[in-house]
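Me: Can you walk me through how the labels on this one get assigned? I'd like to see the cut-offs next to the values.

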Amino acid sequence: MAEFQNFKKRAQKEKSDIHAYANEKLIKNLLPVLDNFERALSLDAGSDPEAYAKGMALILEEMKKAMADAGLEELDAEGKDFDPNLHSAVMTEANEELEAGKVSRVFQKGYTLNGRVVRPAMVVVTE
């Protein structure tokens, strides 16, 4: 019986450790992005605004790559059929270029994580 109790305690600790450190890989991939943001914010953006904007764009791409490596994918919504499982309609509008029930604009991008929707896209749907 004591052996079984020890096994249960060990299994519970392992489970607890898995939950505590589940995001470790993602965090390690995001640390360089954080470092680059801190470096960029320490610079004077007014001295060369074009270079600053280019640097911020590079940091954004680095962030997107780290998120994609973790399984995050952007939902492609504009011009697609409205799907309540993927989209959250915030308004409707008339649009002669698209048929009814299509997404005409995206207010906020939606994302999936390993195929599961983590945030639906906020969209405008044609009527």
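Reply: Sure, starting with accessibility: buried means under 20% relative accessible area, exposed over 50%, and partly exposed in between (1.4 Å probe, protein chains only). This is a predicted model, where local features need pLDDT of at least 70, side-chain atom pairs count only at pLDDT 80 or more, and totals for chains, interfaces and linings use all residues. Residues are numbered from 1 along each chain as its sequence is written, and side-chain values use heavy atoms, with hydrogens and water left out.

Me: Why is Lys-65 called exposed?

Reply: Its relative accessible area is 52%, and exposed means over 50%, so Lys-65 gets that label.

Me: What makes Lys-65 and Asp-69 a salt bridge?

Reply: The term needs a side-chain nitrogen of Lys or Arg within 4 Å of a carboxyl oxygen of Asp or Glu. Here N to O is 2.9 Å, so the pair qualifies. Both residues sit in helix 3 (residues 49-69), 4 residues apart.

Me: Why is Lys-102 called buried?

Reply: Lys-102 has a relative accessible area of 17%, which is under 20%, so it counts as buried.

Me: And what makes Lys-102 and Asp-81 a salt bridge?

Reply: Their closest N and O atoms are 2.8 Å apart, so they fall within 4 Å. The pair links distant parts of the chain, 21 residues apart.

Me: Why does Asp-81 count as partly exposed?

Reply: Asp-81 is at 49% relative accessibility, so it lands between the 20% and 50% cut-offs.

Note on methods
Helix = DSSP H or I, 4+ residues; strand = E, 2+ residues; numbered from the N terminus.
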